[in-house]
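Ready for some practice? Take a look at the structure below, then work through the exercises one at a time.

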Amino acid sequence: MNDATNGVRLIGGEMNRWADLAAGRPAAGGPVLRDLVRRFAGPGVRVLVAGPHEPELLGGLLDSGAGVTVMVRSLPDAEELAGSTGAEVVCGALDRVRGGRFDLVVALDGVGRLRSPESAPETWARSVERLVELREDGGTLLLGAENPLGLHRLAGIADADPTTIRKWRPEGVRPSGLGELVDVLPGCGLFLAHPLPGRPAVLCSPASDLPFEAMEAAARTSAASLQTSADPAELLHDALRAGLAMELAAGWVVVVGPGAETLPPALLAADPVGTGRPVVVEVDGGIRTPCGDLDPRVHGRVARLPERLAGLLPAGRSLQRVLERACADHDLPGLRRTLRAYADWVLGLPGQVGVFATPDNVLIGDVLTGEAGFVLADPSRELTAEVAPEEALARVLRHFAIGLLAADRPLPWPPGMGAHELTRLLQVTAGRPADHPAERTGLALEAEILAAGRGLSRAEAAPLTAAVARGEVMGVERLPSHRELLALHGAVTEELRMVRSRARWAERTLAASEKKAARLEKAVAQRDRQIRHLKGSRSFRAGRLVTSPGRVLIRLARA
């Protein structure tokens, strides 16, 4: 079958009432994958994009002058792509493709959405073999593969709508693990992808010397808007320390064919400062090089200057992790020493740079010997207006306080503090006055930078500014883990037991009070009967007759 409808060539196995792009699971893409594909594209290159990929990735391929063919299984998606792009669009299943070979095959979404219910069952390895066969001699295949036991699943990140996945998901849509991937594609370029397999912020080869802190920072930034049940950066840190980063990666990107050896060992994405123009950095041999467009990114007064990322990659431990560990260990002397050294360092920076010297963006040297050296991990951000150093310090300490509260980190102080109270306590610990006039300006700076990171206009940022002023904690929306749910269930059960116990005590007390009231009513009734009996006796009446003249004289005297 080779029909055409609405500019779409049908090859068989198409799904007429299915839309992958609207099914809940995002298409493959993101700045890192766009940069990866860009390195293999160019004028005259014949490219097959197999599966759902974001429009920006397709647009980059078309802008490079490549001849692009897009293959999707969903007919509604195919018709939408045919109307919005200048690429040739074919619709159908991978096993229906006949003929045609390409210089570059892009299947970064994997093979799971290249099949249809009409496709014959086959293994993941056979689907990959079909993609390899579509390469021209000397061509390249860029393949994405999700790890079924990746950190994104352990962290509870949902990159797909579970309701749609349960409706139809055939077997063999992903490798069983790293072992099968290496067996099926031996000798190919292999990169781990984190925190999401189809939209990674980190691509890193096993030979990379990328520091743990750089990978964690990129993962933490990219996962900031995702619902999770655990901190993905924390899990990545544990995996790195255990030497299991590759085995537990959210996914892998495989480069089959020439060109893998020319790729840098690591690619990282930096946040776009609300402009929609992310910055991708390659790291090779400890040297950091920004890629692509190096024009400044500006949103309001917040600017990112990508050229500042060029040079040696800073080394050291994350100040955020050092401070969090001191809080968890209740190490108040160490926390006080580190915070005071950090505050002195921030006050020595230009204020417009110091506002971005938050603990999660600072690397630290040796805090045990007192020779703590601080350095910005990402020095490319600054404000375009002058800021007093005290105001910058107020902002970074508030940012740290909000992070502690949002992540529910253990603290060495009594619980129940809000963002305002914890910020003042950190200022005192850092040797600064608690009610410094710069605190209000720090609140405004925090709101401004948060709004710029989300790409909000001044009017759109008004509710965010008000929320920051009220001291609301706005962090990562983290879903509770199973362990936390069990603990919460135990706490609620204990509270319910105590409430029921108090209710039973109140019922017993009420019953006893009712019995006592009944006894008192009975005694009063008995006294009333006794009084009526006395008033009806002869002695009472005789006494009334004897005392009646006296009562008359008393009334006359009063008159």
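**Exercise 1: two helices side by side**

In this predicted model, α1 passes α2 in a right-handed crossing. Your task: work out how the two helices are oriented, and which residues make the contact.

Solution, step by step:
- Find the helices: α1 covers residues 31-38 and α2 covers residues 55-63.
- Look at the geometry: they pack at an angle of about 20°, and their axes are 10 Å apart.
- Apply the cut-off: angles under 35 degrees count as roughly parallel, so α1 is roughly parallel to α2.
- List the partners: α1 brings Leu33, Arg34 and Val37, while α2 brings Glu56, Leu57 and Leu61.
- Sort them by class: the contact of α1 with α2 has four nonpolar residues, two charged ones and no polar ones.

**Exercise 2: an unusual backbone angle**

Find His330 and say which loop it sits in, then decide: is His330 buried, exposed or partly exposed?

Solution, step by step:
- Locate the loop: His330 lies between α10 (319-328) and α11 (332-347).
- Check the backbone: phi is positive at His330, about 55°, even though this residue is not a glycine.
- Classify it: the relative accessible area of His330 is 48%. Buried means under 20% and exposed means over 50%, so His330 is partly exposed.

**Exercise 3: a peptide bond to look up**

What form does the peptide bond from His194 to Pro195 take, and where is Pro195 found?

Solution, step by step:
- Read omega: for the bond from His194 to Pro195 the angle is near 5°, and the bond is cis.
- Place the proline: Pro195 is in the loop between β8 (189-194) and β9 (202-204).

Definitions and conventions:
Residues are numbered from 1 along each chain as its sequence is written. This is a predicted model: local features need pLDDT of at least 70, side-chain atom pairs count only at pLDDT 80 or more; totals for chains, interfaces and linings use all residues. Side-chain values use heavy atoms; hydrogens and water are left out. Helices (H or I, at least four residues) and strands (E, at least two) are DSSP runs, numbered from the N terminus. Buried means under 20% relative accessible area, exposed over 50%, partly exposed in between (1.4 Å probe, protein chains only). Axes are lines fitted to C-alpha atoms, for helices over the stretch in contact, and angles run from 0 to 180 degrees between N-to-C directions. Angles under 35 degrees count as roughly parallel, over 145 as roughly antiparallel, 65 to 115 as roughly perpendicular and the rest as oblique. A crossing is left-handed if the near helix is turned anticlockwise from the far one by less than a right angle, and right-handed if clockwise. Contact means heavy atoms within 4.5 Å. Ala, Val, Leu, Ile, Met, Phe, Trp, Tyr, Cys and Pro count as nonpolar, Asp, Glu, Lys and Arg as charged, and the others, Gly among them, as polar.
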